[in-house]
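Please examine the sequence and the structure shown below. This briefing collects selected local and packing features for a structural reader.

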Amino acid sequence: MRGRHYLKYLGVMLGLVGLALGLSRAAGTLAAEDGSDKIEALLVESFMSEGQADFIVRFAEQADLSAAYSMDWNERGWYVYDTLRETAQRSQAQARAYLGGIGLRYQSFIAGNDVYVRAGKLEHAAFLARLPEVSAIY
């Protein structure tokens, strides 16, 4: 008799563990969908204490410059510049349109594919974090 109760208990426990793992995965997916996992904790603290902060938006796409190694110096320089510029223009387009549309000052940097935002608020960072092309905000 004890054996059946133990097996039933074990089955219930395994079911609960499976449910907990499923909920954990779902919560991780939700965090990824809302972008909150992309915003650095120290930045969130700055928003909470100061109301606004300067921050950097890092974009996931990075320019592939591997072809530059087989070029002469002059050709290489223009290739690198053009590739970095095109990558930044393409991947930053939606974020820059949003920032310009709400009147926030920002500076685009093509070398690391970043945008520096001046005096933004948590709501601005949260919007940008939801963009799939954004990899991190700090």
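The points that follow are grouped by topic, from single residues to helix packing. The coordinates are those of a predicted model. In the largest nonpolar core there are 19 residues, and strand β1 supplies the most of them, namely four. Helices α3 and α4 approach each other to within 10 Å between axes, and His124 of α4 is among the residues that make this contact.

**Asp54 and its surroundings**

- Asp54 belongs to strand β1, which spans residues 53–59.
- With a relative accessibility of 41%, Asp54 is classed as partly exposed, because the values between 20% and 50% define that class.
- Although Asp54 and Arg118 are 64 residues apart along the chain, their C-alpha atoms are separated by 4.5 Å.
- Beyond its neighbours within four places in sequence, Asp54 is in contact with Leu43, Tyr116, Val117, Arg118 and Ala119.
- The Asp54 side chain forms a polar contact of 2.7 Å with the side chain of Tyr116.
- A polar atom of the Asp54 side chain also lies 2.7 Å from the backbone nitrogen of Ala119.

**Residues with positive phi**

- Ala119, whose backbone nitrogen is approached by Asp54, is found in strand β3.
- Ala119 is not a glycine, yet its phi is positive, at about 55°.
- The relative accessible area of Ala119 is 32%, so this residue is partly exposed.
- Asn113 likewise is not a glycine and has a positive phi of about 55°.
- Asn113 is located in the loop that runs between β2 (106–109) and β3.
- Asn113 has a relative accessible area of 3% and is therefore buried, the cut-off for that class being under 20%.

**The largest nonpolar core**

- Of the 19 residues in this core, those that touch the most other members are Leu43, Phe55, Val57, Leu99, Val117, Leu128 and Ile137.
- Two or more residues each come from α2 (41–50), β1, α3 (73–101), β3 (114–120), α4 and β4 (134–137).
- The contribution of β1 is four residues, the most given to this core.
- Leu128, leaving aside neighbours within four places in sequence, is in contact with Phe55, Val57, Ala95, Tyr98, Leu99, Val134 and Ile137.
- Two core members already named, Leu43 and Val117, are also among the contacts of Asp54.

**Packing of α3 against α4**

- The axes of α3 and α4 come within 10 Å and cross at roughly 155°.
- This angle makes the two helices roughly antiparallel, since angles over 145 degrees are counted in that way.
- The crossing of α3 past α4 is right-handed.
- From α3, the contact involves Ala95, Tyr98 and Leu99; from α4, it involves Glu123, His124, Phe127 and Leu128.

**His124**

- His124 lies in helix α4, which covers residues 122–129.
- At 10% relative accessible area, His124 is buried.
- A polar atom of the His124 side chain is placed 2.9 Å from the backbone nitrogen of Lys121.
- Outside the neighbours within four places in sequence, His124 is in contact with Tyr98, Ile102 and Leu104.
- Tyr98 is thus listed as a contact of His124 and also of Leu128.

Note on methods:
Residues are numbered from 1 along each chain as its sequence is written. This is a predicted model: local features need pLDDT of at least 70, side-chain atom pairs count only at pLDDT 80 or more; totals for chains, interfaces and linings use all residues. Side-chain values use heavy atoms; hydrogens and water are left out. Buried means under 20% relative accessible area, exposed over 50%, partly exposed in between (1.4 Å probe, protein chains only). Contact means heavy atoms within 4.5 Å. A polar contact is a pair of N or O atoms within 3.5 Å; within protein, one must be able to donate a hydrogen and the other to accept it, and residues adjacent in sequence count only if both atoms are side-chain atoms. A nonpolar core is a set of buried Ala, Val, Leu, Ile, Met, Phe, Trp, Tyr and Cys residues joined through side-chain atoms within 4.5 Å. Axes are lines fitted to C-alpha atoms, for helices over the stretch in contact, and angles run from 0 to 180 degrees between N-to-C directions. Angles under 35 degrees count as roughly parallel, over 145 as roughly antiparallel, 65 to 115 as roughly perpendicular and the rest as oblique. A crossing is left-handed if the near helix is turned anticlockwise from the far one by less than a right angle, and right-handed if clockwise.
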